[in-house]
Amino acid sequence: MKLVPLSDRVVLKQCEAEETTESGIILTSASQEKPQQAEVIAVGPGGVVDGKEVTMQVKEGQKVIFSKYAGTEVKLDGTEYMIVRQNDILAVVE
């Protein structure tokens, strides 16, 4: 199955959570924060949203940082994805 986002939506796959700190301390799964960095899997066509023309500024394959409480989590074929609006993406990681 394939997710095809509509309008100004973007499908993201979150990066793996850090299991150790920079100093080498191993974190339990309960203390690990969900990462806010993800890879863009699919991009909607854009179009008119709330009366304004929206052009998509991200592309498939880019790494991005998104808002902490943004989007909807979806599980498809055993893989977890996030569906967010383009304006919930804060930055592109280069």
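A nonpolar patch here is made of residues with over 30% relative accessible area and no salt bridge, with the nonpolar side chains joined within 5 Å. In this predicted model, Ile65, Leu90 and Val93 make one such patch of about 240 Å². Val93 sits in strand 8 and comes out as partly exposed, at 34% relative accessibility. That value is over the 30% needed for a patch, so Val93 can take part in one.

Stepping back to the whole chain, the protein has zero helices and eight strands, so a walk along the sequence simply reads β-β-β-β-β-β-β-β. Of its 94 residues, 24% count as buried. The accessible surface adds up to about 6,800 Å², with carbon and sulfur atoms holding 49% of that. Among contacts with a separation of 6 or more, 63% are between residues 24 or more positions apart.

Six of the strands go into an open sheet, in the order 6-7-1-2-5-8 and with antiparallel pairing. Strand 6 (72–76) and strand 8 stand at its edges; each has a single partner strand, so one side of each is left without a neighbour in the sheet. On average, and ignoring direction, neighbouring strands in this sheet are turned by 40° against each other. As for what holds such an arrangement together, strands of a sheet pair through backbone hydrogen bonds, either parallel or antiparallel.

Going through some of the pairings, strand 1 (residues 9–14) runs antiparallel to strand 2 (residues 37–43) over five bridges, and Leu12 faces Val40 of strand 2. Strand 2 is in turn joined to strand 5 by three bridges, again antiparallel, with Gln37 matched to Ile65 in strand 5. Ile65 also belongs to the nonpolar patch. Strand 5 (residues 63–66) then pairs with strand 8 over four bridges in the antiparallel sense. Here Lys63 stands opposite Val93, the latter being another member of the patch.

The charged side chains give three salt bridges. Two of them involve Asp8. The side chain of Arg9 meets that of Asp8 at 3.4 Å, N to O, and Arg85 also forms a salt bridge with Asp8, the closest N and O atoms being 3.1 Å apart. The Arg85 pair links distant parts of the chain, with Arg85 in strand 7 and Asp8 in the segment before strand 1, 77 residues apart. Asp8 has a relative accessible area of 5%, under the 20% cut-off, and therefore counts as buried. Arg9 is partly exposed with a relative accessible area of 30%, and Arg85 is partly exposed at 30% as well.

The remaining salt bridge brings together Lys63 and Glu39 at 3.9 Å, N to O. This pair also spans distant parts of the chain: Lys63 lies in strand 5 and Glu39 in strand 2, 24 residues apart. Lys63 is partly exposed, with a relative accessible area of 33%, and so is Glu39, at 29%. As for the other bridges, shared partners join Asp8, Arg9 and Arg85 into one network.

Asp8 turns up once more around Gln86, a residue of the loop between strand 7 (79–85) and strand 8 (89–93). Leaving aside neighbours within four places in sequence, Gln86 is in contact with Asp8, Val10, Val54, Thr55, Met56, Gln57 and Val58. Gln86 has a relative accessible area of 12%, under the 20% limit, so this loop residue is buried.

Methods:
Residues numbered from 1 in each chain as written. Predicted model: local features only at pLDDT ≥ 70, side-chain atom pairs only at ≥ 80, totals over all residues. Heavy atoms only, no water. Helix = DSSP H or I, 4+ residues; strand = E, 2+ residues; numbered from the N terminus. Buried < 20%, exposed > 50% of the residue type's maximum accessible area, 1.4 Å probe, protein only. Contact = heavy atoms within 4.5 Å. Areas by Shrake-Rupley, 256 points an atom, 1.4 Å probe, with all protein chains shown as cover. Pairing = 2+ DSSP bridges. Axes fitted to C-alpha atoms, helices over the stretch in contact; angles between N-to-C directions. Patch = residues over 30% accessible without salt bridge, like charges linked within 9 Å, V, L, I, M, F, W, Y side chains within 5 Å. Salt bridge = Lys/Arg side-chain N within 4 Å of Asp/Glu carboxyl O.
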